[in-house]
Amino acid sequence: CSPYKLLSHIPLLSLYFQYIKRFYNESWERRYGRVIDEGTLTLLWSITVSIFSIGGLVGAIITTPIVKFFGRKHTLLINNVFAVMAALLMALCQLAGSFEMLLLGRIVMGIDAGVSLSALPIYLSEISPKEIRGALGQVTAIFICIGVFTAQVLGLPEIFGNESRWPYLFGVIVVPSLIQVGILPFLPESPHYLLLEKNDKSGAEKAFQTFFGKDDVSHELEESEAQRNVKLVSVLQLLRNRSVRWQIITVIITMACYQLCGLNAVSIPFQYVACNGSCLLLISIYMFSYLTVFIIFHFSGLAVERLGRRPLLIGGFGLMVIFFAVLTVSLTFQNHAYWLPYLSIFCILAIIASFCIGPGGIPFVLTGEFFQPSQKPAAFMIAGTVNWVSNFSVGLLFPFIQAGLLTFCFLVFAVVCLAGATYLFFVLPETKNKTINEISQAFAKRNKVTLEGQEMSQFPSERKSSEEQEHNFSSTLENGETKNNIL
């Protein structure tokens, strides 16, 4: 469900910058009779990179009503319409001589990504047992990396990475979309959606049996039934809820650091250290891709259930701070020693590895663990909004930051990582193998509410109905005693 990474990765776009720059110049000169100036070209390039995030923000906002009406699985299916539209627009932009088609395709592809990164975590969190909840949450990050790896291989000069064929790489997005359309119909819908939204108990029972691999799912059905009378919380209601105030703050800071930590920009130095020819660049890209997929798949998915979320997040951001500092030094003095470019490559790979250890997938897992099912759609909308606004900021501002600070720009990302690690060290509790109530209890003191107060604010309708039942029961007892006295 993450095919959008085939074209959204900033380093990959940067490798095509010379071709896209020439395409912009030719289109501009054909239309206005003059060559585009350098400032306008830089601005146009920044918009090309960052407009993807605007679409992602739109997708994150529209996800809540869509998943409520169509369901989780069908939302992911319908979402492929955006991917196909974007692929056609971008693949045909050079043939049509219109750079606007490239920009429009980028924003449409962003909508697809925004819906995917909001609906998919909801779907995964609702079909996974708590014992593997963290590992399954890492699946999103795993396939994002596979998308990056595939894009980099297809972007080689021998395949699509040349001036005549670069637009067709964007058309390849149709392939994973068709695979998704062929596979998703055979998977069950979310049992929570079937039970709570469609009132389909038999369908929910079959879905639980399929996903959990057992016949007796009465316990899971009872837990879902208990949430039947709970209405979905709006974003405004969630923001006003004092009992989840620090959970929201933690999600906002974690998602902001996820995008602002500099991973999308860290591979840019490949252009500078690859001074010995394309062979070094090619080897570096393959090392980067393999290491990323290997670490996420073989380490993070297992370690997140053994070591926990907290140490992996703090450790990942902390290591990124160290390697960002070393990278800045090595890039600054890379002409003074023959081995410094290789140190730069090592630092880049180490930063990516550090990101994969925790910050790469755990923020989405935390968003699903912090909140009750009635609060999750609103929580993922908040997380998605922060995610895409931060992504937009990096894409728009990084070219100017890079031009102004040169190699020292990576110290900005080091500061962001240090701030995120510091906050998480003092605020984030461990959530491994804990229920939502236990996590709420860990935040209760910081939120300055009792657990009973949290339950009342999270389940107002249930609390109200139970209070009404208790009142009716007391009234019945009083009436009975009165009748006995009369008799």
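Select Ile 78 to begin, and you will find this residue in helix H5, which covers residues 72-78. In this predicted model, Ile 78 is partly exposed, with a relative accessible area of 39%. Now add Phe 69, Phe 70, Val 81 and Met 85 to the selection, and together with Ile 78 they make a nonpolar surface patch of about 480 Å². Two helices to colour alongside are H4 (38-70) and H6 (80-91), each of which supplies at least two residues of this nonpolar patch.

**From the patch to Arg 72**

Stay with helix H5 and select Arg 72, which forms a salt bridge with Glu 126, the closest N and O atoms being 2.8 Å apart. This pair links distant parts of the chain, since Arg 72 belongs to helix H5 while Glu 126 belongs to helix H8 (residues 99-127), 54 residues apart. Are the two partners buried or exposed? Arg 72 counts as buried because its relative accessible area is 9%, and Glu 126 is likewise buried, with a value of 8%.

**Along helix H8**

While helix H8 is displayed, select Ile 111, which is found in this helix. Ile 111 is buried, with a relative accessible area of 16%. Then show Gly 55 as well and draw a distance between the two C-alpha atoms: Ile 111 and Gly 55 are 56 residues apart along the chain, yet their C-alpha atoms are separated by 4.3 Å.

**Back to helix H4**

Next, select Ser 53, which lies in helix H4 and is buried, with a relative accessible area of 1%. With Ser 53 still selected, add Trp 388, a residue 335 positions away along the chain, and the viewer should give a C-alpha separation of 5.1 Å.

A further pair to inspect is Val 49 and Leu 396, which are 347 residues apart in sequence but 7.0 Å apart in space, taken from C-alpha to C-alpha. Leu 396 is found in helix H24, which runs over residues 376-405, and Leu 396 is partly exposed, with a relative accessible area of 23%.

**Lys 68 and the loop after H13**

Which residue forms a salt bridge with Lys 68? Select Glu 197, whose contact with Lys 68 brings the closest N and O atoms to 3.3 Å from one another. Glu 197 lies in the loop between helix H13 (191-196) and helix H14 (201-212), whereas Lys 68 lies in helix H4, so the pair ties together parts that are 129 residues apart in sequence. Glu 197 is partly exposed, with a relative accessible area of 33%, and Lys 68 also counts as partly exposed, at 40% relative accessibility.

Without leaving this loop between H13 and H14, select Asn 199, which is found there. The backbone is worth a look at this position, as phi of Asn 199 is near 55°, a positive value in a residue other than glycine. Asn 199 counts as exposed because its relative accessibility is 56%, and the cut-off for that class is over 50%.

**Helices H17 and H23**

Now hide the earlier selections and display helix H17 (residues 245-260) together with helix H23 (residues 362-370), which pack at an angle of about 165°, with their axes 10 Å apart. That angle makes H17 roughly antiparallel to H23, because angles over 145 degrees fall in that class. If you turn the view to look through one helix at the other, the crossing of H17 and H23 to look for is left-handed.

**The last stop: Glu 369**

Keep helix H23 on screen and select Glu 369 together with Arg 309, whose side chains meet in a salt bridge at 2.4 Å from N to O. Here too the pair links distant parts of the chain, with Glu 369 in helix H23 and Arg 309 in helix H21 (residues 309-332), 60 residues apart. Glu 369 counts as buried at 1% relative accessibility, and Arg 309 is buried as well, with a relative accessible area of 0%.

How many salt bridges does a search of the whole structure find? The search finds four, among them the pairs visited on this tour: Arg 72 with Glu 126, Glu 197 with Lys 68, and Glu 369 with Arg 309.

Definitions and conventions
Residues are numbered from 1 along each chain as its sequence is written. This is a predicted model: local features need pLDDT of at least 70, side-chain atom pairs count only at pLDDT 80 or more; totals for chains, interfaces and linings use all residues. Side-chain values use heavy atoms; hydrogens and water are left out. Patches are made of residues with over 30% relative accessible area and no salt bridge: like charges are joined within 9 Å, nonpolar side chains (Val, Leu, Ile, Met, Phe, Trp, Tyr) within 5 Å. Accessible areas come from the Shrake-Rupley method with a 1.4 Å probe; for residues, only the protein chains shown count as cover. Helices (H or I, at least four residues) and strands (E, at least two) are DSSP runs, numbered from the N terminus. Buried means under 20% relative accessible area, exposed over 50%, partly exposed in between (1.4 Å probe, protein chains only). Axes are lines fitted to C-alpha atoms, for helices over the stretch in contact, and angles run from 0 to 180 degrees between N-to-C directions. Angles under 35 degrees count as roughly parallel, over 145 as roughly antiparallel, 65 to 115 as roughly perpendicular and the rest as oblique. A crossing is left-handed if the near helix is turned anticlockwise from the far one by less than a right angle, and right-handed if clockwise.
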